[in-house]
Amino acid sequence: MKTDFTSSVSHELRTPLTSIKAYTATILRDPNMSEETRRQFLTIIDEESNRLAALIEDLLEVSRIETGTTKMKQKTVDVAAVIEKVLINLTPLAHKKNIELRKYIGDELPTLQGDEGKIESVVTNLIDNAIKFTPEHGNITICAEEANGEMVIRVTDTGMGIPRKSLSKIFDRFYRVPRPGKEIQGTGLGLSIVNKIVSMHNGRIEVESEVDKGTTFVVYLPLTVKSIPELSSAEQALYLIGAGQARTK
Ligand code: ATP
Ligand code: MG
């Protein structure tokens, strides 16, 4: 799995880098290039560099989560405020595609105990995907409510959907649904990060989708997370199956 991961990473890093190198070389080679072409090439270089930077950020996050070096902050999180913040950030992206973003927040939504930055990353990834995989003039709804002692966050879009056979793979690192003829940028890391963060909060995530109709992701988060003391992974495993109590004393 490690070799697999390393080769996927190298491939993903090489693609934007190859393009940056090629366009830079072309600009350097041709001093008489028209201003318009130069701008066009520089724009590509700029976009590809952004992609590279975002990819490195995601990879660092994956590695921090997997090596357990990421510490979960346990604080009171105002989910409504987190959603509001994410919507402010992503509205311009949605408007570019004439996509309407709707929001429903349950009355007296409780707060939850968790890591605000990580929950923001969950909401951002889900809404970013919804925008990316919804054609122009679609709409996206984000709801948050409390049900049975859990926080339920739902992101629904009217987009292209996910084929049934891909549903079990979308949380895998680097997996992207093959969409012939459509070039949609992404590295397939977003949902694997979302999935990890949700399980760090002892929550779960579900997805329902119909091709060409739309997709709904539902995240369930307990309002309080029982924190697992800092133990080795073997000890954590024992603790999780209930055999580790004596050791923690
Ligand atoms: P990244 O998030 O790393 O930029 P990505 O968006 O392609 O890249 P994920 O967020 O992990 O990767 O999603 C994996 C795949 O699941 C996507 O490539 C896409 O095909 C599919 N997918 C995710 N969300 C949706 C959605 N709302 N509608 C349709 N397909 C989706
Ligand atoms: Mg994504």
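These exercises work through a predicted model of one protein chain.

**Exercise 1. The fold**

Task: Work out how many helices and strands the protein has, and in what order they run.

Solution:
- Start with the count: the secondary structure comes to 7 helices and 7 strands.
- Next, read from the N terminus: the order is α-α-β-α-β-β-α-β-β-α-β-β-α-α.
- Turn to burial: 36% of the 249 residues count as buried.
- Finish with contacts. Among those with a separation of 6 or more, 67% join residues 24 or more positions apart.

**Exercise 2. Helix H4**

Task: Check the span of helix H4 against its number of residues, then find its cap and its buried residues.

Solution:
- Helix H4 covers residues 116-132, which is 17 residues.
- At 1.5 Å a residue, H4 should span 24 Å. The expected span takes 1.5 Å times one less than the number of residues.
- The end C-alpha atoms of H4 are 24 Å apart, so the two values agree.
- Now the N-terminal end. Asp115 caps it, with a side-chain oxygen 3.2 Å from the backbone nitrogen of Gly117.
- Last, burial. The buried residues of H4 include Ile119, Val122, Val123, Leu126, Ile127, Ala130 and Ile131. Lys118, Glu120, Asn125 and Asn129 are buried too.

**Exercise 3. Two residues of strand S7**

Task: Decide whether Thr215 and Phe217 are buried or exposed, and list what each touches.

Solution:
- Thr215 lies in strand S7, and so does Phe217.
- Apply the cut-off: buried means under 20% relative accessible area.
- Thr215 has 5%, so Thr215 is buried. Phe217 has 6%, so Phe217 is buried.
- Look at Thr215. Its side chain makes a polar contact of 2.8 Å with that of Ser209. Beyond four places in sequence, Thr215 touches Val155, Thr156, Asp157, Gly161, Ile162, Val207, Glu208 and Ser209.
- Look at Phe217. Beyond four places in sequence, Phe217 touches residues including Leu126, Ile153, Val155, Ile162, Ile170, Phe171, Leu191, Ile205 and Val207.
- Compare chain and space. Phe217 and Thr156 are 61 residues apart along the chain, yet 6.5 Å separates their C-alpha atoms.

**Exercise 4. The largest pocket**

Task: Describe the volume and lining of the largest pocket.

Solution:
- The volume is about 1,800 Å³.
- The lining has 46 residues, and Asp128, Asn129, Lys132, Gln185 and Gly186 lie nearest the centre.
- Elements giving two or more residues are helix H2 (35-66), helix H3 (79-96), H4, strand S5 (150-157), helix H5 (190-200) and strand S7 (214-222).
- H4 gives the largest share, 10 residues.
- By class, 18 lining residues are nonpolar, 13 polar and 15 charged.

**Exercise 5. The cavities**

Task: State how many cavities of 30 Å³ or more there are, and describe the lining of each.

Solution:
- The count is 2.
- The largest cavity has a volume of about 50 Å³. Ile119, Val122, Val123, Ile153, Ile197, Val198, His201, Val219 and Leu221 line it.
- H4, H5 and S7 each give two or more residues to this lining. H4 gives the largest share, 3 residues.
- By class, the lining of the largest cavity has 8 nonpolar residues, 1 polar and no charged.
- The second largest cavity holds about 40 Å³. Val62, Ile65, Glu66, Arg173, Ser192, Ile193 and Lys196 line the second largest cavity.
- Here H2 and H5 are the elements giving two or more residues.
- The lining of the second largest cavity divides into 3 nonpolar, 1 polar and 3 charged residues.

Definitions and conventions. Residues numbered from 1 in each chain as written. Chains lettered and ligands numbered in written order. Predicted model: local features only at pLDDT ≥ 70, side-chain atom pairs only at ≥ 80, totals over all residues. Heavy atoms only, no water. Helix = DSSP H or I, 4+ residues; strand = E, 2+ residues; numbered from the N terminus. Buried < 20%, exposed > 50% of the residue type's maximum accessible area, 1.4 Å probe, protein only. Polar contact = N/O pair within 3.5 Å; in protein donor to acceptor, adjacent residues only side chain to side chain. 1 Å grid on protein atoms, 1.4 Å probe; cavity = no way out; pocket = protein on both sides within 12 Å on 5 of 7 lines; lining within 4 Å. Points joined across faces, edges and corners; volume = space filled by probe spheres on them. Nonpolar A, V, L, I, M, F, W, Y, C, P; charged D, E, K, R; others polar. Contact = heavy atoms within 4.5 Å.
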